[in-house]
Amino acid sequence: MVYYASDLLFGDETVARKRHYLNATDMNNSIISNWNKVVCDVDTVYIIGGIGDFSFVKSLNGDKHLIMSDSERAHMDEYVATITSNRDEEYDADIYSLYLKSDFGISGVNYFGRMIRKTYSGKLVRLTTCRNSIGDGVFSVVGGLGNEYQRLFSNGLNSNIFMNGMFPISEVEVEELEKYIKNLL
């Protein structure tokens with residue numbers, strides 16, 4: 001099974017209170033527990049930006065792939081700067097990919113903030129950290145919308161974990177929601 005999630009924001013006290021948790025520890029534990037209830041180690045999960053504190057990612061089941069947002073790019077720049085002062089885009093990406101895999105169990109990284117993939121039924125779906133890229137006929141699963149609490153758009157959905165009951169959303173659910181939206185239009 002394939003799942004999508006974004007805006008986990010592990011460790012963020014302000015976000016935890018906005019999500020009605022007592023503190024970030026409670027929120028972190030809720031995300032990990034809910035995630036691991038539905039995601040098995042053989043499942044694939046695309047995290048569409050907004051991880052927050054990376055130290056919690058290793059506790060999450062599944063083959064995890066990251067679609068980088070601006071916050072992950074900043075994390076990469078900070079990390080690579082501790083390794084070398086010689087900066088090269090390709091070299092930075094290699095160092096960061098190795099670091100994410102070895103320290104956090106993230107097996108794949110997309111550095112462009114977007115990708116298109118085929119779903120289990122052969123439909124195309126865009127995974128993106130930029131809402132501006134939706135609207136060209138390809139259904140989008142959007143992360144990194146911050147404080148936007150709209151779950152569905154005319155041609156996409158918000159993958160923020162909070163908007164999906166603190167669970168990753170399955171590819172099956174994404175296709176069902178796409179059909180639902182098209183029936184409304």
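The following legends describe close-up views of a predicted model.

**View 1. The open sheet and its edge strands.** Five strands build an open sheet in the order β4-β3-β2-β1-β10, and the pairing within this sheet is mixed. Strands β4 (106-110) and β10 (169-170) each have a single partner strand and stand at the edges, so one side of each is left without a neighbour in the sheet.

**View 2. The pairing of β2 with β3.** Strand β2 spans residues 44-48 and strand β3 spans residues 63-67. The two strands pair in the parallel sense, over 5 bridges. Within this view, Val45 stands opposite Lys64, a residue of β3.

**View 3. The hairpin of β5 and β6.** Strand β5 (residues 114-118) pairs with strand β6 (residues 124-128) in the antiparallel sense, and 5 bridges join the pair. Lys118 has Leu124 of β6 as its bridge partner. The hairpin has 5 residues between the strands, and Gly122 takes a positive phi near 95° there.

**View 4. Lys123 in the loop between β5 and β6.** Lys123 belongs to the loop that lies between β5 and β6. Its relative accessible area is 31%, so Lys123 is partly exposed; the range for this class runs from 20% to 50%. Val138 is 15 residues from Lys123 in sequence, and the C-alpha atoms of Lys123 and Val138 are 8.9 Å apart in space.

**View 5. Asp7 in the loop between β1 and α1.** Most residues other than glycine have a negative phi. Asp7, which is not a glycine, has a positive phi of about 50°. The residue lies in the loop between β1 (2-5) and α1 (13-18). Asp7 is buried, because its relative accessible area of 5% is under the 20% limit.

**View 6. Met166 in the loop between β9 and β10.** Met166 is a residue other than glycine with a positive phi, near 70°. The loop that holds Met166 lies between β9 (156-158) and β10. With a relative accessible area of 6%, Met166 is buried. Strand β10, on one side of this loop, is also an edge strand of the open sheet shown in View 1.

**View 7. A negative surface patch.** Asp88, Glu89, Glu90 and Asp94 form a negative patch on the surface. One of these residues, Glu90, has its place in helix α4, which covers residues 89-104. Glu90 is exposed, because its relative accessible area of 60% is over the 50% limit.

Conventions. Residues are numbered from 1 along each chain as its sequence is written. This is a predicted model: local features need pLDDT of at least 70, side-chain atom pairs count only at pLDDT 80 or more; totals for chains, interfaces and linings use all residues. Side-chain values use heavy atoms; hydrogens and water are left out. Patches are made of residues with over 30% relative accessible area and no salt bridge: like charges are joined within 9 Å, nonpolar side chains (Val, Leu, Ile, Met, Phe, Trp, Tyr) within 5 Å. Accessible areas come from the Shrake-Rupley method with a 1.4 Å probe; for residues, only the protein chains shown count as cover. A salt bridge is a side-chain nitrogen of Lys or Arg within 4 Å of a carboxyl oxygen of Asp or Glu. Lys and Arg count as positive and Asp and Glu as negative; His and the chain ends are not counted. The place of a charge is taken as NZ of Lys, CZ of Arg, CG of Asp or CD of Glu. Helices (H or I, at least four residues) and strands (E, at least two) are DSSP runs, numbered from the N terminus. Buried means under 20% relative accessible area, exposed over 50%, partly exposed in between (1.4 Å probe, protein chains only). Two strands pair if DSSP finds at least two bridges between them.
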